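This report describes a single protein chain from its overall architecture down to individual residues. The sequence and the model are shown first.

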Amino acid sequence: MSLPCSDQSIRPKKMKSASLPRGVEAVRCWCGDLCKVKEVTDFSDWLGMKFFMCANYESDPPESISAYIRPPSPPPLCMYYRWIDTEMPDWAVTEIRERDRRAWASWDLEERREKAEAEERAAQKKEWEKYCVEQRAFLDDMIRKNQEEKLRLEEVYRQREQAREAERERKRERARAAKAAEEASDGKGKYPRRTE
């Protein structure tokens, strides 16, 4: 058992009532009253350790309005506390190790999940970039084919227009030749001109 202490900075904050261990005598606090026994429930280096503390409060504890909601107790009157245990019990050591193991397992799982998500995002980004490159190549190919088709059609239309224009020119030439021949014959043809 340790010496009495008044340093409130290291006094446990979370505790529950406990029974006096076998072979340990009850002690009195600085108020002169018998101390009550408490057990640390806070997840800390003192988990499961028992200690004496003053049984008197600076003020009356508030009444509980519900079995589930308990208001905080006021501080002890003389701030006396004294450790009964000098070491954590085996179950507390096992609990801390188990909590550490679960925390590390959870952290490792979270890290692996984040890594898998990052890899999946990278794969999706790579796939998207590949898709964009393919689409860009497809669009460029379509634009090139459309331009080639446009040039081909323009050449076809130009050749057709030239052929039509040549045909019109031949017809014009034939018409001019026929007109000139008729004018040169001066109306002398197969049938005589009628005069009246």
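The sections below treat the fold, the salt bridges, the surface patches and two selected positions.

## Overall architecture

The structure is a predicted model. The protein chain contains one helix and four strands. In sequence order these elements give the pattern β-β-β-β-α, so that the helix follows the strands along the chain. Helix α1 spans residues 90-185, strand β1 covers 15-17, and strand β2 covers residues 36-40.

Of the 196 residues in the protein chain, 15% are buried. The accessible surface amounts to about 16,200 Å², and carbon and sulfur atoms account for 53% of that area. Among contacts between residues at least 6 apart in sequence, 57% link residues at least 24 apart.

## Salt bridges in helix α1

Side chains of opposite charge can pair when their charged atoms come close. The model has 19 salt bridges, counted with a cut-off of 4 Å between a side-chain nitrogen of Lys or Arg and a carboxyl oxygen of Asp or Glu. Three of the pairs are described here in sequence order.

Arg-99 and Glu-95 form a salt bridge with an N to O distance of 2.9 Å. The two residues are four positions apart in helix α1, and therefore about one helical turn separates them. Arg-99 is partly exposed because its relative accessibility is 31%; Glu-95, at 27%, is also classed as partly exposed.

Arg-152 is paired with Glu-149, and their closest N and O atoms lie 2.6 Å apart. Here the spacing in helix α1 is three residues, which again means a separation of about one helical turn. Relative accessibility is 44% for Arg-152, which is thus partly exposed, and 34% for Glu-149, likewise partly exposed.

## A network of shared partners

A further salt bridge joins the side chains of Arg-176 and Glu-173, at 2.7 Å from N to O. Because Arg-176 and Glu-173 are three residues apart in helix α1, about one helical turn lies between them. Arg-176 has a relative accessible area of 42% and is partly exposed. Glu-173 is partly exposed as well, with a value of 44%. Both residues belong to one network, in which salt bridges with shared partners connect Glu-161, Arg-164, Glu-165, Arg-168, Glu-169, Arg-172, Glu-173 and Arg-176.

## Surface patches

Two surface patches are considered, one negative and one nonpolar. The patch of negative charge is formed by Glu-111, Glu-114, Glu-117 and Glu-120. Of these residues, Glu-114 is located in helix α1. Its relative accessible area of 45% makes Glu-114 partly exposed, and that value is over the 30% required of a patch residue.

The nonpolar patch covers about 360 Å² and consists of Phe-138, Leu-139, Met-142 and Ile-143. Leu-139 is part of helix α1. With a relative accessibility of 41%, Leu-139 is partly exposed, and it too is over the 30% threshold for patch membership.

## Environment of Val-37

Is Val-37, a residue of strand β2, buried or exposed? Val-37 is buried, because its relative accessible area of 11% falls under the 20% limit.

Apart from residues up to four places away in sequence, Val-37 touches Lys-16, Ser-17, Ala-18, Ser-19, Leu-20, Lys-50, Phe-51, Phe-52 and Ile-84. Among these partners, Lys-16 and Ser-17 fall within strand β1. Lys-50 is 13 residues from Val-37 in sequence, and their C-alpha atoms are 6.8 Å apart.

## Environment of Asp-33

Asp-33 occupies the loop between β1 and β2. Its relative accessible area is 35%, and Asp-33 is therefore partly exposed.

Which residues does Asp-33 contact, leaving aside its neighbours within four places in sequence? The partners are Val-27, Arg-28 and Asn-56. Asn-56 lies 23 residues from Asp-33 along the chain, with 8.2 Å between the two C-alpha atoms.

Definitions and conventions:
Residues are numbered from 1 along each chain as its sequence is written. This is a predicted model: local features need pLDDT of at least 70, side-chain atom pairs count only at pLDDT 80 or more; totals for chains, interfaces and linings use all residues. Side-chain values use heavy atoms; hydrogens and water are left out. Patches are made of residues with over 30% relative accessible area and no salt bridge: like charges are joined within 9 Å, nonpolar side chains (Val, Leu, Ile, Met, Phe, Trp, Tyr) within 5 Å. Accessible areas come from the Shrake-Rupley method with a 1.4 Å probe; for residues, only the protein chains shown count as cover. Buried means under 20% relative accessible area, exposed over 50%, partly exposed in between (1.4 Å probe, protein chains only). Lys and Arg count as positive and Asp and Glu as negative; His and the chain ends are not counted. The place of a charge is taken as NZ of Lys, CZ of Arg, CG of Asp or CD of Glu. Contact means heavy atoms within 4.5 Å.
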